[in-house]
Amino acid sequence: LLERAGHERAKVEVGQLAVGDRREVSHKLAPILGTLSLSGSPEGAIVEVDGEEVGRLPGELTLPPGRLRVKFSAPGFVSRVETVELKASERLALDVKLEVQTGSIVVRADESGLPVRLDGELIGFTPAVIEGVPAGAHELSISAAGYRRFTKRVDVPGGGRAVVEASLQADSDVSAVSRAAEPVLDAPASVTLISKPELTALAPV
């Protein structure tokens with residue numbers, strides 16, 4: 001019977017020995033391992049044990065018993081580290097859900113009070129600071145009567161800040177102003193169209 005700490009016992013047949021005989025026996029003992037069963041999100045997150053990549057989430061790992069430092073990471077998510085005590089022949093379940101990395105968007109425009117939409121959802125008015133935006137690409141838009149719609153793709157860095165400078169252009173499809181509202185094409189030649197930003201610039205300080 002062969003025994004060694006941390007290994008499975010093994011019984012080896014050596015046959016009959018006469019008095020005074022000596023025989024060498026060689027046998028490799030199998031280590032006693034434990035199983036770490038991993039679940040959670042996001043699927044495909046990288047799993048490292050004691051600094052070495054060993055698999056992806058979800059999955060099962062067969063590991064030597066002891067204290068293990070298990071790290072989970074994925075692009076766009078906050079990394080997480082768990083320290084576990086795995087016992088020999090034990091099956092230990094670990095469920096991990098990584099938090100989405102977030103950043104912020106600062107929106108500046110030449111007009112204030114205009115509605116700002118992120119991925120089609122109204123989230124504020126200019127000027128605005130949008131917090132807690134998931135890291136990655138988003139579509140930001142600003143629209144108002146009398147102006148062309150402003151649209152821009154914004155890449156939000158995890159833990160960082162993206163700045164959007166919006167310069168709105170007057171829509172050419174506006175009404176001329178005389179004694180009565182008229183379409184632009186029907187307006188007299190003496191009528192000059194001035195956009196709101198231009199009027200603001202001409203106003204006395």
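Modeller: A residue is called buried under 20% relative accessible area, exposed over 50%, and partly exposed in between. Keep those cut-offs at hand, and keep in mind that this is a predicted model.

Biologist: How is Glu85 classed by relative accessibility?

Modeller: Glu85 has 44% relative accessibility; because that value falls between the two cut-offs, Glu85 counts as partly exposed. Its salt-bridge partner Arg67, at 60%, counts as exposed.

Biologist: How many salt bridges does a search of the whole structure find?

Modeller: Seven salt bridges turn up. In the one between the side chains of Glu85 and Arg67, the N to O distance is 3.1 Å. This pair links distant parts of the chain, since Glu85 sits in strand E6 (residues 80-86) and Arg67 in strand E5 (residues 66-73), 18 residues apart.

Biologist: Which residue forms a salt bridge with Glu53?

Modeller: Glu53 is bridged to Arg56, with 3.7 Å between the closest N and O atoms. A salt bridge requires a side-chain nitrogen of Lys or Arg within 4 Å of a carboxyl oxygen of Asp or Glu, so this pair qualifies. Glu53 is partly exposed, at a relative accessible area of 47%, and Arg56 is partly exposed at 45%.

Biologist: Which residue does the side chain of Arg153 meet in a salt bridge?

Modeller: Asp155 is the partner, at 3.2 Å from N to O. Here Arg153 counts as exposed, with 60% relative accessibility, whereas Asp155 is partly exposed at 47%.

Biologist: Now the overall picture. How many helices and strands are there?

Modeller: The protein has one helix and 16 strands. Of its 205 residues, 27% are buried. The accessible surface is about 13,800 Å², and carbon and sulfur atoms account for 50% of it. Take the contacts between residues at least 6 apart in sequence: 42% of them join residues at least 24 apart.

Biologist: What should I look for in the interior?

Modeller: In soluble globular proteins, nonpolar side chains tend to be buried together. In this model, the largest nonpolar core has 18 residues. Ile105, Val107, Ile130, Leu140, Ile142, Phe150 and Val154 have the most contacts inside that core.

Biologist: Which strands each supply at least two residues of this core?

Modeller: They are E8 (102-109), E9 (115-118), E11 (128-134), E12 (136-142), E13 (150-156) and E14 (161-166). Separate from this core is another of 17 residues, including Ala45, Val49, Ala74 and Val96.

Biologist: Which residues does Ile105 touch, not counting those up to four places away in sequence?

Modeller: Its contacts include Leu118, Ala128, Ile130, Leu140, Val154, Ala162 and Val164.

Biologist: How do I read a sheet?

Modeller: Strands of a sheet pair through backbone hydrogen bonds, either parallel or antiparallel. One open sheet here has three strands in the order E11-E8-E14, with mixed pairing. E11 and E14 are the edge strands; each has a single partner strand, so one side of each has no neighbour in the sheet. On average, neighbouring strands of this sheet are turned by 20 degrees against each other, direction ignored.

Biologist: In what sense do E8 and E11 pair?

Modeller: They pair in the antiparallel sense, over five bridges. For one of these, start at Val106: its bridge partner in E11 is Val129.

Biologist: What is the strand order in the open sheet of four strands?

Modeller: The order is E10-E9-E12-E13, and the pairing is antiparallel. Strand E10 (121-125) and E13 stand at the edges with a single partner strand each, so one side of each lacks a neighbour in the sheet. From one strand to the next, the twist averages 30 degrees.

Biologist: How many bridges join E9 to E10?

Modeller: Four bridges join these antiparallel strands. Val116, for example, has Gly124 as its bridge partner in E10.

Biologist: One loop residue to finish. Is Thr126 buried or exposed?

Modeller: Thr126 lies in the loop between E10 and E11. Its relative accessibility is 4%; because that is under 20%, Thr126 counts as buried. Beyond its neighbours within four places in sequence, Thr126 is in contact with Val107, Ala109, Glu111, Ser112, Gly113, Leu114, Val116 and Ile142. Among these, Val107 and Ile142 also belong to the residues with the most contacts inside the largest nonpolar core.

Key:
Residues are numbered from 1 along each chain as its sequence is written. This is a predicted model: local features need pLDDT of at least 70, side-chain atom pairs count only at pLDDT 80 or more; totals for chains, interfaces and linings use all residues. Side-chain values use heavy atoms; hydrogens and water are left out. Buried means under 20% relative accessible area, exposed over 50%, partly exposed in between (1.4 Å probe, protein chains only). Contact means heavy atoms within 4.5 Å. Accessible areas come from the Shrake-Rupley method with a 1.4 Å probe; for residues, only the protein chains shown count as cover. A nonpolar core is a set of buried Ala, Val, Leu, Ile, Met, Phe, Trp, Tyr and Cys residues joined through side-chain atoms within 4.5 Å. Two strands pair if DSSP finds at least two bridges between them. Axes are lines fitted to C-alpha atoms, for helices over the stretch in contact, and angles run from 0 to 180 degrees between N-to-C directions.
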